[in-house]
Each structure stands twice: as structure tokens, then as C-alpha cells.
Amino acid sequence: MTINKEKNGDELTVALEGRLDTTTAPQLEEELSGLLDDVKKLVFDFAKLEYISSAGLRVLLAGQKRMNKQGTMVVRNVADEIKEIFEVTGFTEILNIE
Amino acid sequence: MKRLETGAVRDNLSKVLAFVDSTLEDVDCPLKTLYQIDIAVEEIFVNIASYAYSPGTGKAVIEIETEAEPGCVAITFRDSGIPYDPLAKEDPDITLCAEEREIGGLGIFMVKKSMDDVKYEYSGGQNILTIRKNLKG
């Protein structure tokens with residue numbers, strides 16, 4: 001998985017490419033942990049994300065919980081396969097999907 | 001039937017998925033179905049790797065049957081670890097808000113929702129979990 005980050009003032013955009021799974025989720029968690037302190041808006045761009053398992057959902061849930069305290073989080077450009085995972089798991093209700 | 005025996009550790013996940021994907025290349029498996037099967041295999045194998053032999057380690061066996069029932073694939077996972085029926089776990093409440101949500105149990109819930117059949121038995125000192133998926137819709 002490739003993680004592309006772009007910081008613009010207090011807005012952080014994280015574009016993921018590849019698979020967010022058991023192997024790669026800890027990498028995303030670690031990257032995010034040090035970056036969110038002064039972020040008010042966190043944007044995930046999933047245009048090039050191909051796959052997500054529960055390990056990836058765990059990181060998204062943690063991100064959403066954290067951003068609920070300090071700002072907002074949105075998820076953009078979600079492919080149909082991943083949208084289906086969000087629907088089955090109730091994540092469509094938790095996440096702001098654009 | 002194709003069979004893979006491997007150490008039940010997370011680092012072997014990519015090996016397990018490569019085995020599943022290469023086996024399913026030989027049958028006519030739609031990409032979306034393959035994606036659902038990959039997720040199910042990941043969730044089950046990672047569960048075994050995380051809990052079956054904890055704190056020690058052991059083996060996991062993955063068997064893929066594509067010929068017994070035409071248009072259907074069955075994947076069986078065996079381990080000789082602690083007896084554990086993942087299907088006995090209550091489904092997570094997916095209507096809760098983010099603050100109340102817990103991630104536990106979500107993986108096996110995804111497996112139940114995406115596969116056509118999931119069976120567990122404990123037999124001969126082994127946990128045996130079998131998932132079935134129809135390849136056509």
C-alpha cells in the first residue's frame with residue numbers, strides 16, 4: 001500500500017493506493033498517529049484503494065473517533081466493492097462518505 | 001483439492017492469499033467474488049494466527065475444493081489450537097455510533113455476510129471451519 005499525504009493548513013488529505021489489510025493497516029495507523037495533532041479536517045481519498053478488511057476498518061473507526069473530538073473526517077472516491085463493505089458493516093452510518 | 005500447510009502467523013497471510021488466488025485462477029471466478037473470498041480468508045487466517053495457539057505457535061492447513069460442486073468453491077481451515085467456535089460469537093451491533101462501536105467480531109461478521117455458507121466443527125483435536133461461496137452471483 002502507498003500512502004500519499006498532503007497538508008494544507010489544518011486540513012490533511014491522505015490518499016491510499018492498494019490494499020488496506022492486516023499487513024498494511026499498522027503502517028497507516030503509525031503514519032496518522034503523529035500527524036493529527038493540529039488537524040481539523042481529515043480527508044481520506046480512496047480512489048486507488050482496492051481492498052479493505054476489518055483491520056483497515058479498525059483504523060478508520062479510530063480516526064473517526066479522534067476527529068469527532070477535534071474536527072471532521074470525510075472519505076472520498078470510494079469504489080463499489082469498498083462501499084459494499086461499509087454498508088454490510090454499518091460504516092456508512094459512522095463515516096462521512098462523499 | 002489443493003492444500004497448503006503453513007505456520008499460523010500473520011506474516012504468512014500474503015502466502016495464503018497467493019495460494020487462494022492462484023487456485024481460483026483456474027476456475028471462472030468473478031473479480032468481485034474473488035475479492036469477497038480474499039477478505040474472508042484474511043479474516044479467518046488472521047484469527048487463527050492471533051488466537052489459536054496463543055501465546056505459542058502452530059500450523060494451519062487450508063484446503064480448497066473447486067470440483068466437488070460445480071460453480072461453488074469450498075475452503076476449509078484447520079488448526080490444532082484451542083477449541084474455538086468463531087460462529088458462536090454474537091454479531092456486533094452495527095447500528096451504534098462511532099463512540100459506541102467496537103471493532104471486535106467485525107471480521108467474522110463480514111465472513112458470515114459475504115459467504116453463502118459457513119460451518120464450524122471441532123473434531124479429532126482440530127478446529128475445522130469451512131466457507132462456501134457460489135461463483136455465479
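## Exercises on a predicted two-chain model

Helix 1 of chain A and helix 2 of chain A are roughly parallel to each other. The model is predicted. The exercises start from this helix pair.

**Exercise 1. Determine how helix 1 of chain A and helix 2 of chain A are oriented relative to each other.**

Step 1. Take the two helices, residues 25–33 and residues 54–70 of chain A. Their axes lie 9 Å apart, and the packing angle is about 20°.

Step 2. Apply the cut-off: angles under 35 degrees count as roughly parallel. Helix 1 of chain A and helix 2 of chain A are therefore roughly parallel.

Step 3. Add the handedness. Helix 1 of chain A passes helix 2 of chain A in a right-handed crossing.

Step 4. List the residues that make the contact. Helix 1 of chain A gives A25(A), L28(A), E29(A) and L32(A). Helix 2 of chain A gives A55(A), G56(A), R58(A), V59(A) and G63(A).

Step 5. Sort this helix contact by class: 5 nonpolar, 2 polar and 2 charged residues.

**Exercise 2. Describe the sheet of chain A and find its edges.**

Step 1. Read the pattern along the sequence of chain A: β-β-α-β-α-β-α-α-β. That is 4 helices and 5 strands.

Step 2. Order the strands. The 5 strands of chain A form an open sheet, 1-2-3-4-5, with mixed pairing.

Step 3. Find the edges. Strand 1 (2–8) and strand 5 (96–97) of chain A each have a single partner strand, so one side of each is left without a neighbour in the sheet.

Step 4. Inspect one pair. Strand 1 of chain A and strand 2 (residues 11–20) of chain A run antiparallel, joined by 7 bridges. K5(A) has V14(A), in strand 2 of chain A, as its bridge partner.

**Exercise 3. Decide how compact chain A is for its length.**

Step 1. Take the box. The C-alpha atoms of chain A fill roughly 30 × 25 × 20 Å along the principal axes.

Step 2. Compare radii. The radius of gyration of chain A is 12 Å, close to the 13 Å from the globule rule for 98 residues, so chain A is as compact as a globular protein of that length.

**Exercise 4. Break down the contact between chain A and chain B, from the side of chain B.**

Step 1. Count residues: 21 from chain B and 18 from chain A.

Step 2. Assign helices. In chain B, helix 1 (13–25), helix 2 (31–52) and helix 3 (106–114) each supply at least two residues of the side that touches chain A.

Step 3. Rank them. Helix 2 of chain B gives the largest share of that side, 7 residues.

Step 4. Classify. The side of chain B that touches chain A has 10 nonpolar, 3 polar and 8 charged residues.

Key:
Residues are numbered from 1 along each chain as its sequence is written. Chains are lettered from A and ligands numbered from 1 in the order in which they are written. This is a predicted model: local features need pLDDT of at least 70, side-chain atom pairs count only at pLDDT 80 or more; totals for chains, interfaces and linings use all residues. Two residues are in contact if their C-beta atoms, placed from the backbone, lie within 7 Å. Ala, Val, Leu, Ile, Met, Phe, Trp, Tyr, Cys and Pro count as nonpolar, Asp, Glu, Lys and Arg as charged, and the others, Gly among them, as polar. Axes are lines fitted to C-alpha atoms, for helices over the stretch in contact, and angles run from 0 to 180 degrees between N-to-C directions. Angles under 35 degrees count as roughly parallel, over 145 as roughly antiparallel, 65 to 115 as roughly perpendicular and the rest as oblique. A crossing is left-handed if the near helix is turned anticlockwise from the far one by less than a right angle, and right-handed if clockwise. Two strands pair if DSSP finds at least two bridges between them. The radius of gyration is taken over C-alpha atoms; the globule rule is 2.2 Å times the number of residues to the power 0.38.
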